[in-house]
Amino acid sequence: MIETKTHTVKSPHPSSNLWAISLLFLFALPILASCSKDDADEEKLVAPVERYTGDCYGELKSPLVKNETSEDHETVWSCLYFGSYPTNEVVSTTFDAVSPDVLSEGDVITDAALYGQLEQADWDEEGNAMVNGQRYHRIRGCEVVSASANQPQHYRWGDMQAWHYFVYTPIKWRVLNINGSKALLLVDRMPDSHPFHNKQEDVSWSNCQLREWLNSYFLETAFTAAEREAIMETAVENKRNYYFGTQCGPDTRDYVFLLSEAEVFASSVAVDYGFFPGDGPNDPARRFRSTLFAKCRGAWWSPEPSSLGNSFWFLRTSGYTMSNAVYVGDAGDIYNRGILNTCNDTGLLPAITIDLSRASYVVAPAVSSLANIN
């Protein structure tokens, strides 16, 4: 049964307003109008209007944050291509499985000749094949996370046994931090959909089924053996839920992981990664879209004009109980209470750490946090 997305309201926190005011005071020091000798000492305390939050490596830079404590703040992330994953669908004629207004350029490839070649290709057990030197993946409705013929804001499956074909394309990543040659990356567009856990029970990031899937299937599908050599094992800290104090299990070490509540909200780390530090406004820096393949696998998307086409995504932090997971909504809002960990129409935003000196990557166009404001 398909579990639809329902937004849960954050529980009020008695000190949230005081905390936000204090945080704004700490970060938003006044900008001096002059640099006279008398106020030279005071000038040292001035917070810059915009800054890079870490190191650079070649053409790549840590996030450039502008007016970081303001509700209209902007972040510009350097980006790179690394690895590949099924993304765009190849069709023979017309395509109506997804509304045109939520598609991105290139999502659908209409090519009857190529489609015919894919129908006759030699597919392996994982559903992959090489055709004309290009890698493809095939999938049926009976194999996805959740499938429906007519559920709103979901991929419309007709024949559940019919094959659908997707081409592998390079994965675009946003650079959240550079330290020397080490870069923390967050995927730019949700590549897939998967529940946090495969049954409803108390579970933490350390023993959830999603962690296992990301560090096995996703890792091996998205990256070649040579690319995996450049992916570093990351020490993953699992702090308690900010609002509810829920335990989130032991710290872990992972090659692929999800960001935590503390990494996108209410911390200096979140600010350095390019997210808004407070808990008030919806943050454009937290708005993300899903690929057509992720939609095919089950990812929901928003019909709201202000966030049209955006999907919601899991964090690794437990919600108000350990049977829930915190998530980020389509408008960039944090739902600290969480959603059932068996929710089957959320998108995923994997993160990895790579050694840039060992990785074979291609620099990609930078991305602004204002890109997903409609």
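A search of the whole structure, which is a predicted model, finds 23 aromatic pairs. Ring pairs also link nine named residues into a cluster, namely Phe82, Tyr85, Phe166, Trp173, Trp213, Tyr217, Phe218, Phe223 and Phe293. Phe82 appears again in the largest nonpolar core, which has 80 residues and in which Phe82 and Phe314 touch the most other members. The points below take up the aromatic pairs, the cores, the spaces within the model, the cysteines and a few residues in loops or other segments.

**Aromatic pairs**

- In the pair formed by Tyr155 and Trp157, the ring centres are 5.0 Å apart and the planes stand at 50 degrees, so this pair counts as tilted.
- Tyr155 and Trp157 are both buried, and Tyr155 is also among the residues closest to the centre of the largest cavity.
- The rings of Tyr327 and Tyr335 have centres 4.7 Å apart and planes at 0 degrees, so this pair counts as stacked.
- Tyr327 and Tyr335 are likewise both buried.

**Nonpolar cores**

- The largest nonpolar core contains 80 residues, and the members that touch the most others within it are Phe82 and Phe314.
- Apart from that core lies another one, made of 10 residues, including Leu114, Ala129, Tyr136 and Tyr165.
- As a general background to such groupings, nonpolar side chains in soluble globular proteins tend to be buried together.

**The cavity**

- The count of cavities of 30 Å³ or more comes to one, and the largest cavity holds about 40 Å³ of space.
- Its lining consists of 11 residues, and those closest to the centre of the cavity are Ser146, Ala147, Ser148, His154 and Tyr155.
- Sorted by character, the lining of the largest cavity divides into five nonpolar residues, five polar residues and one charged residue.

**The largest pocket**

- About 500 Å³ of space lies in the largest pocket, and 23 residues line it, with Ser104, Lys172, Asp188, Arg189 and Thr291 lying nearest its centre.
- Three elements give two or more residues to the lining of the largest pocket, and they are β5 (74-91), β9 (164-179) and β14 (288-289).
- The lining of the largest pocket divides into 10 nonpolar, six polar and seven charged residues.

**Cysteines**

- The structure holds zero disulfides.
- Cys142 has a relative accessibility of 43%, and because this lies between the cut-offs of 20% and 50% the residue counts as partly exposed.
- Cys343 has a relative accessible area of 0% and is therefore buried, since buried means under 20%.

**The loop between β8 and β9**

- Ala149 lies in the loop between β8 (134-139) and β9, and with a relative accessible area of 47% it is partly exposed.
- The C-alpha atoms of Ala149 and Asp159 are separated by 8.5 Å, while the two residues are 10 residues apart along the chain.
- Gln153 lies in the loop between β8 and β9, where it counts as partly exposed at 25% relative accessibility.
- Phi of Gln153 is near 60 degrees, which is a positive value in a residue other than glycine.

**The loop between β7 and β8**

- Asn132 is found in the loop between β7 (128-131) and β8, and its phi is near 55 degrees, a positive value in a residue other than glycine.
- At 65% relative accessibility Asn132 counts as exposed, because exposed means over 50%.

**Contacts between residues distant in sequence**

- Ser369 has its place in the segment after β20 (362-368), and it is buried, with a relative accessible area of 3%.
- Ser369 and Val76 are 293 residues apart along the chain, yet their C-alpha atoms are separated by 6.4 Å.
- Glu201 is found in the loop between β10 (182-187) and α4 (209-222), and at 30% relative accessibility it counts as partly exposed.
- From C-alpha to C-alpha, Glu201 and Asn341 are 8.1 Å apart in space, although 140 residues separate them in sequence.

How values were computed
Residues are numbered from 1 along each chain as its sequence is written. This is a predicted model: local features need pLDDT of at least 70, side-chain atom pairs count only at pLDDT 80 or more; totals for chains, interfaces and linings use all residues. Side-chain values use heavy atoms; hydrogens and water are left out. On a 1 Å grid over the protein atoms alone, a cavity is a set of points where a 1.4 Å probe fits but cannot get out, and a pocket is an open set with protein on both sides within 12 Å along at least five of seven lines; lining residues have an atom within 4 Å of a point. Grid points are joined across faces, edges and corners, and a volume is the space filled by probe spheres set on the points. Ala, Val, Leu, Ile, Met, Phe, Trp, Tyr, Cys and Pro count as nonpolar, Asp, Glu, Lys and Arg as charged, and the others, Gly among them, as polar. A nonpolar core is a set of buried Ala, Val, Leu, Ile, Met, Phe, Trp, Tyr and Cys residues joined through side-chain atoms within 4.5 Å. Buried means under 20% relative accessible area, exposed over 50%, partly exposed in between (1.4 Å probe, protein chains only). Helices (H or I, at least four residues) and strands (E, at least two) are DSSP runs, numbered from the N terminus. A disulfide is a pair of cysteine sulfur atoms within 2.5 Å. Rings of Phe, Tyr and Trp (its six-membered ring) pair if their centres lie within 6.5 Å; planes under 30 degrees apart count as stacked, over 60 as edge-to-face and the rest as tilted.
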